[in-house]
Structures are given as structure tokens and as C-alpha cells.
Amino acid sequence: MDGKRITPEQGKTYKNRGGGEYLCIRGLDGGALMRNVASGWTFWANGVMQYEDGSIEWLYSTDGHWTEMSAQGV
């Protein structure tokens, strides 16, 4: 199954191909500031690909850090 490069949509939650769900905080030029909804781990996902089943993965991540999660999930 081949993936297609995307810029994730702000406010949308995506399922990672390898597991977990990630909220897009901000999409930008084929990458996105993403947050793991379970743990709060936040990072830039670079080279995001989406597959036919809607799942995503990325080539590499940068600037990972823990954040406090608010009631709104942002």
C-alpha cells in the first residue's frame, strides 16, 4: 500500500500506522506539529504520508518534548 504526501489538518486527530493517535496542532508544508493524545508527547513530524486506510506515518520527527494537556486537547 503506497502512501501519499499530505499536510495534516489543524485540529484533526490521525491514527499512526504503527499505533497511537496524534492531534495535529499545526500543519505546514508537508509536516506538522503533532501531539500524542495519550501521553502529551509533542513534536514536528516531517514528511507526513497518509495511506488508503487513513493512517499516517512520517519520515522523521524533530523538537520532541512533553507538554501539559488541556481539557481541549491543545
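**Exercise 1. State what share of the protein chain is buried, and describe its overall dimensions.**

Solution. Buried residues (under 20% relative accessible area, against over 50% for exposed and in between for partly exposed, with a 1.4 Å probe and protein chains only) make up 36% of the 74 residues in the protein chain. The model is a predicted one, in which local features need pLDDT of at least 70 and side-chain atom pairs count only at pLDDT 80 or more, while totals for chains, interfaces and linings use all residues. Residues are numbered from 1 along each chain as its sequence is written, and side-chain values use heavy atoms, with hydrogens and water left out.

Next, consider the dimensions. The C-alpha atoms fill a box of roughly 35 × 20 × 20 Å along the principal axes. For 74 residues a compact globule would have a radius of gyration near 11 Å, and the 11 Å of the protein chain agrees with this. The radius is taken over C-alpha atoms, and the globule rule is 2.2 Å times the number of residues to the power 0.38.

**Exercise 2. Determine the secondary structure of the protein chain and its order along the sequence.**

Solution. Helices (H or I, at least four residues) and strands (E, at least two) are DSSP runs, numbered from the N terminus. The count for the protein chain is 0 helices and 6 strands. Read along the sequence, the pattern is β-β-β-β-β-β.

**Exercise 3. Locate Y51, classify its exposure and identify its side-chain partner in a polar contact.**

Solution. Begin with the position: Y51 is in the loop between strand 5 (41–50) and strand 6 (56–66). Its relative accessible area is 9%, so Y51 is buried. The side chains of Y51 and E57 are joined by a polar contact of 2.2 Å. Such a contact is a pair of N or O atoms within 3.5 Å; within protein, one must be able to donate a hydrogen and the other to accept it, and residues adjacent in sequence count only if both atoms are side-chain atoms. Finally, Y51 and K4 are 47 residues apart along the chain, with their C-alpha atoms separated by 6.5 Å.

**Exercise 4. Locate K12, classify its exposure and list the residues that it touches beyond four places in sequence.**

Solution. K12 belongs to the loop between strand 1 (4–5) and strand 2 (13–15). With a relative accessible area of 36%, K12 is partly exposed. Leaving out residues up to four places away in sequence, K12 touches Y22, L23 and C24, where contact means heavy atoms within 4.5 Å. The C-alpha atoms of K12 and G54 are separated by 12 Å, at 42 residues apart along the chain.
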